[in-house]
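Trainee: I should like to go through this structure with you, beginning with its interior and then turning to its charged pairs.

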Amino acid sequence: MRKTVLERFQRCFPGPRDGASLLARLRRNRAGNVLAMMAIALIPLLFIAGSAVDTARLYLVKNRLQQACDAGALAGRRFMVSTSATTLDATATTQANAFFSNNFKLGLFGTTSVSFTPSKTSENQVAGIATARVPMTLTGMMGFGDQALTVTCEARYDVADTDIMFVLDTTGSMACLSSETSGCNQGVNPYVRPDVAGAPGYGGTPGYYTVEKTGSKLSGLRQAVLSFYDTLAAAVDPTTHLRYGFVTYTSTVNAGYAVTALNPGYLVDSWTYNSRRIVDTNNGKATTNTITSTAEATCNAKAGRSPAAGYGSDGTATVTTVTWSSNSNGTCTVKSQPVKRTWSYEPVRYDTSQFKLGVAVSDPSKIDGSTSKWQGCIEERKTDAVSSFNYSSLPADLDPDRVPIDDDTRWRPMWPDVVYYRGNKSSATNWGNSANPPGDSTSTNALTQYTALALADTMSKGYVSCGKPVQRLAVMTKAEVNSYITASDFVPQGGTYHDTGMIWGTRLLSPTGLFAGDTAAWPGRNPPKRYIVFMTDGDMAPNMCLYGMYGIENYDHRVTSASYQSDCSNSSQLDNHNARFLAACAAAKARNISIFVVGFGQTLTSQLTQCASPGQAFYAADNTSLTAAFQTIAKRVALLRISR
């Protein structure tokens, strides 16, 4: 039977009597529940996932932004040109922005509106502020907008208490331009040494220097030292202590007055020099006269000399000797021998007890009443003539801490006024001539026999030199540093002996040696960092005929065992001086002294590279690059770091 519409409606929508069974069925039927629950949970899950992704992006961006800010601040501080201006100079600003941009590219991780602003602090450091906007991804769908990130940074030089010893080559080639590799043939001029505190005999003594060219290497060195001072001064804070010292070296070092300031007994009271002394030489045939019947006392009274002392105006004298015998009631034989004054050129020992104090003393090698004053340069202590050393047992000259106790371990004052060449002889005699009866050579050849080392020609050719007195470690203002390197005796002269400079640089800076008080820790502070800045413009160039820190090698053989060399050259001498240089470098490093070496227009030899502490050897081609090298060294000393 066909159902009516009413029946069908009632079947689909039962009345109240059927509602309980419908709800029960719905409760029991769980089909589709998971889908409903997923739909409900999707919103918080999406928020959590989006937050994780975007938070990680924000962390990465901020990290990278901080690194770029740090890089920019470091670059700005490193390239800072002006420390006197109140704002960051253009060079530093440009470099800071360049380093920031290289480390954080616009658009990285979708960033927008990236900026970096470097600035100069009141303490001469470089600060920076970097910002960037980071768009949100998944959380952006929920209405979160772009996030702004800001980081700050600051770079500073961190300087501990520091002692700097400059060991500087001031030899004749420093008068030339850096482009002139084979010399420049400049003239030589005399000068009078200025008074120097603590060096009583130095002022007023004569010296010679090579005339500098405009733009000379020595002028570049002066600028480099001042730039070093400025760079380091800009990095210190008020609590930092800096001390500076200077050693200028040639074939010797002017360190004598620094030694006598400690103890005059550290220098010998007498020393043997290659000098000359007067001897009598027969001047014609002797005459003999015999007197009989004379008493012995009467005979003896006839002996003597005329003139009674020395010689007459013509340089001659008569020496009378007698012989008495008892024969024939007493016989007296009288012999009269004409003699002339003759110089015997040979090693002679002289009293140096007053000379070493800077007192004007009579020149014992002259007869014209000349006086002599010590300029302060020294001959070294006893050494070994070898080409290698046991660094744990060094001879006295290479041991920076050895206390002088005898003449082997004491220094000897250089005395060029009394030193003479004598050629290939253990001794030689010379009476002179009518034009020059004292016997001094007037030759313009510096190596001529009988030539005095103090002769102008010898000094001007560098066979003897004595540079500016060393500056012991001290707190120095820029004006004081400038005064030292621009003084009238900070001039080019002499030949290149690297060992002489390094020996004294190490000795003056050693924390356990004679000058330990100069480099001691400040009260309540840690020991200072210690550095040697060694600069040279030439190879080691020893000469057998030169009078320097080891005497005249042709005669004294302190560094080599070689015989006399007429051409003044010997390969073993170079090897042995190089060995001394390396031993002095090793002694410095053993005392925790860092060594920077700068070759100025000079290829770094294996010895120079080996001397430098690791990574601290530099080559400078010209004056500009020398200043740059000194600035780099100062920055390394200062330890550039991120402080905030």
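Trainee: Which residues have the most contacts inside the largest nonpolar core?

Mentor: The model is a predicted one, in which local features need pLDDT of at least 70, side-chain atom pairs count only at pLDDT 80 or more, and totals for chains, interfaces and linings use all residues. Residues are numbered from 1 along each chain as its sequence is written, and side-chain values use heavy atoms, with hydrogens and water left out. A nonpolar core is a set of buried Ala, Val, Leu, Ile, Met, Phe, Trp, Tyr and Cys residues joined through side-chain atoms within 4.5 Å. The largest has 73 residues, and those with the most contacts inside it are Met502, Trp504, Ile532, Phe534 and Phe581.

Trainee: Which helix gives the most to this core?

Mentor: Helices here are DSSP runs (H or I, at least four residues), numbered from the N terminus. With eight residues, the greatest contribution to this core comes from helix α12 (residues 571-590).

Trainee: How many residues of α5 are buried?

Mentor: Buried means under 20% relative accessible area, exposed over 50%, and partly exposed in between (1.4 Å probe, protein chains only). The expected span of a helix is 1.5 Å times one less than its number of residues; for the 17 residues of helix α5 (residues 217-233) this should be 24 Å, and the end C-alpha atoms are indeed 24 Å apart. The helix is mostly covered, the buried count being 13 of its 17 residues.

Trainee: With which residue does Asp230 form a salt bridge?

Mentor: A salt bridge is a side-chain nitrogen of Lys or Arg within 4 Å of a carboxyl oxygen of Asp or Glu. Asp230 is partly exposed, at a relative accessible area of 32%, and its N to O distance to the partner is 3.0 Å. Asp230 lies in helix α5 and the partner in helix α9 (residues 478-485), so the pair ties together parts that are 248 residues apart in sequence. That partner is Lys478.

Trainee: Is Asp489, which meets Lys468 in a salt bridge, buried or exposed?

Mentor: The side chains of Asp489 and Lys468 come to 2.9 Å, N to O. The pair links distant parts of the chain, with Asp489 in the loop between α9 and α10 (498-509) and Lys468 in the loop between α8 (456-460) and β18 (471-474). Lys468 has a relative accessible area of 8% and is therefore buried. Asp489 has a relative accessible area of 1%, so Asp489 is buried.

Methods:
Helix = DSSP H or I, 4+ residues; strand = E, 2+ residues; numbered from the N terminus.
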